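Student: Could you take me through one part of this model up close? I'd like a single connected walk-through rather than a list.

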Amino acid sequence: MITPTQAELEILNILWKSGEARVPEVHALLSQQKDIGYTTTLKAMQVMEQKGLLQRRRDGRSHVYAPAIAEDATKNTLLSRFVESTFDGSRSRMVMQLLGSQAVSPEELAEIRHFLQNLEEN
C-alpha cells in the first residue's frame with residue numbers, strides 16, 4: 001500500500017467526506033485549515049493521481065477527483081504502523097498514553113466503554 005504524506009491525508013480526508021470534488025473545491029476547504037496556494041493544491045492532487053491515491057475523470061473542461069484508496073484500510077494501515085513503531089506494537093500502551101495525556105469528556109468515555117463492552121461480548 002502507498003503511504004500518503006500528511007498533506008496528502010488532508011486532501012484524502014476532504015475527498016473521503018465529499019466522495020469527489022474539483023480542485024477549486026478541495027482548495028477552498030484546505031485554505032480554511034492552512035495557507036496554501038491554488039497551484040500547490042493542483043500539483044499535489046495531480047501527483048496523488050499518478051501515485052494511485054486519487055482517481056480522476058474529465059467533466060467538461062475540468063477534472064473531478066475521487067479517492068482511489070479506502071479510508072478504513074488506509075487509516076488502519078497507518079495506525080498499525082504508528083503503534084508498531086511508537087509503542088512496540090502495544091495497543092494498550094498507546095490507549096493509556098492517549099487517554100492519560102489529555103482530558104477526555106464524559107461522552108467520549110461512555111463511547112469507549114460501550115466499544116470495549118461490545119469487544120468483550122463478541
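Tutor: Let's start with Thr41, which counts as buried because its relative accessibility is 0%, and the cut-off for buried is under 20%. Keep in mind that this is a predicted model. Thr41 sits in helix 3. Leaving aside residues up to four places away in sequence, Thr41 is in touch with Val23, Val26, His27, Leu30 and Ile36.

Stay around there and have a look at Pro24, which belongs to helix 2, residues 23-33. Unlike the buried Thr41, Pro24 comes out as partly exposed because its relative accessibility is 44%. There's also a link across the chain here: Pro24 and Tyr38 are 14 residues apart in sequence, and their C-alpha atoms are 7.6 Å from each other.

Now follow helix 3, which covers residues 38-51, to its packing with helix 1, residues 6-18. The two axes are 11 Å apart and cross at about 85 degrees, so helix 1 and helix 3 are roughly perpendicular; angles of 65 to 115 degrees get that label. As for who meets whom, helix 1 brings Glu8, Ile11, Leu12 and Leu15, while helix 3 brings Ala44, Met45, Met48 and Lys51.

For a contrast with buried Thr41, hop over to the surface: Val95, Leu98 and Leu99 make up a nonpolar patch there, with about 230 Å² of accessible area together. Val95 is part of helix 5, residues 91-101, and is classed as partly exposed because its relative accessibility is 37%.

Key. Residues are numbered from 1 along each chain as its sequence is written. This is a predicted model: local features need pLDDT of at least 70, side-chain atom pairs count only at pLDDT 80 or more; totals for chains, interfaces and linings use all residues. Side-chain values use heavy atoms; hydrogens and water are left out. Patches are made of residues with over 30% relative accessible area and no salt bridge: like charges are joined within 9 Å, nonpolar side chains (Val, Leu, Ile, Met, Phe, Trp, Tyr) within 5 Å. Accessible areas come from the Shrake-Rupley method with a 1.4 Å probe; for residues, only the protein chains shown count as cover. A salt bridge is a side-chain nitrogen of Lys or Arg within 4 Å of a carboxyl oxygen of Asp or Glu. Helices (H or I, at least four residues) and strands (E, at least two) are DSSP runs, numbered from the N terminus. Buried means under 20% relative accessible area, exposed over 50%, partly exposed in between (1.4 Å probe, protein chains only). Axes are lines fitted to C-alpha atoms, for helices over the stretch in contact, and angles run from 0 to 180 degrees between N-to-C directions. Angles under 35 degrees count as roughly parallel, over 145 as roughly antiparallel, 65 to 115 as roughly perpendicular and the rest as oblique. Contact means heavy atoms within 4.5 Å.
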